[in-house]
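Good morning, colleagues. Today I shall speak about charged side chains and their surroundings. Please look at the display before I continue.

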Amino acid sequence: MQIRLARQSDLEDINQLLYQVHKVHSDGRPDIFRPGNKKYTDEELAGIIDDKKRPIFVGEIDHHVAGYAFCVFVEHTGESSLTDIRTLYIDDLCVDEKLRGQHIGRELYEYVLSFAKEEGCHNLTLNVWACNPAAMRFYESCGLSVQKIGMEQIL
């Protein structure tokens with residue numbers, strides 16, 4: 001597998017994966033996520049692909065995107081309560097459901113981790129929905145630990 005920055009020509013493959021990951025969320029939380037949708041419009045996705053502050057890495061096998069990691073640089077500087085810190089946030093990581101179990105997700109994660117270190121980031125962060133315990137187990141197996149917990153009370 002080759003891991004590289006996403007290109008505009010990857011849009012169709014990335015869209016298929018966006019639908020897959022959205023289905024996991026809409027199945028788990030239909031009160032929040034609309035079934036049959038995806039996170040970004042084609043126009044938004046095209047803009048993100050060109051945004052250097054929001055790199056998307058793709059794992060390519062046989063000229064098809066097998067998985068992706070959407071990332072965002074987050075910087076806090078000059079704030080009164082926070083230290084000056086640069087973080088790479090993984091906004092979304094997905095492996096094609098037909099290819100899961102082949103360590104593609106781990107390779108993508110390790111690539112992103114190495115990239116964050118090279119970019120001088122203090123940490124790598126992400127959020128996981130409680131309705132996705134498989135993702136939680138995966139990230140814990142990669143060495144991530146809980147930083148904070150979001151809570152809710154449905155009204």
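I begin with a definition: a residue is called buried when its relative accessible area is under 20%, exposed when that area is over 50%, and partly exposed in between, using a 1.4 Å probe and protein chains only. What you see is a predicted model, in which local features need pLDDT of at least 70 and side-chain atom pairs count only at pLDDT 80 or more, while totals for chains, interfaces and linings use all residues. Residues are numbered from 1 along each chain as its sequence is written, and side-chain values use heavy atoms, with hydrogens and water left out.

My main subject is the salt bridge, by which I mean a side-chain nitrogen of Lys or Arg within 4 Å of a carboxyl oxygen of Asp or Glu. Under this rule, ten salt bridges are counted.

Let me take one that joins Asp-96 to Lys-98, with an N to O distance of 3.4 Å. How do the two partners stand with respect to burial? Asp-96 is buried, at a relative accessible area of 8%, whereas Lys-98 is exposed, at 64%.

Salt bridges with shared partners also connect Arg-4, Asp-10 and Glu-60 in one network. Within this network, the side chains of Arg-4 and Glu-60 form a salt bridge at 3.0 Å, N to O. Which parts of the chain does this pair link? Arg-4 belongs to strand 1 (residues 2-5) and Glu-60 to strand 2 (residues 56-61), so that distant parts of the chain, 56 residues apart, are linked. Helices (H or I, at least four residues) and strands (E, at least two) are here DSSP runs, numbered from the N terminus. Arg-4 is buried, with 7% relative accessible area, and Glu-60 is likewise buried, at 14%.

I turn now to helix 1. Asp-27 and Lys-23 form a salt bridge whose closest N and O atoms are 2.7 Å apart. Both residues lie in helix 1 (residues 11-28), separated by four residues, about one turn of the helix. Asp-27 is exposed, with a relative accessible area of 52%, while Lys-23 is partly exposed, at 48%.

His-22 also lies in helix 1. Is His-22 buried or exposed? With 9% relative accessibility, His-22 counts as buried. Contact here means heavy atoms within 4.5 Å. Setting aside neighbours within four places in sequence, His-22 is in contact with Phe-33, Arg-34, Asn-37, Lys-38 and Lys-39.

Thank you for your attention.
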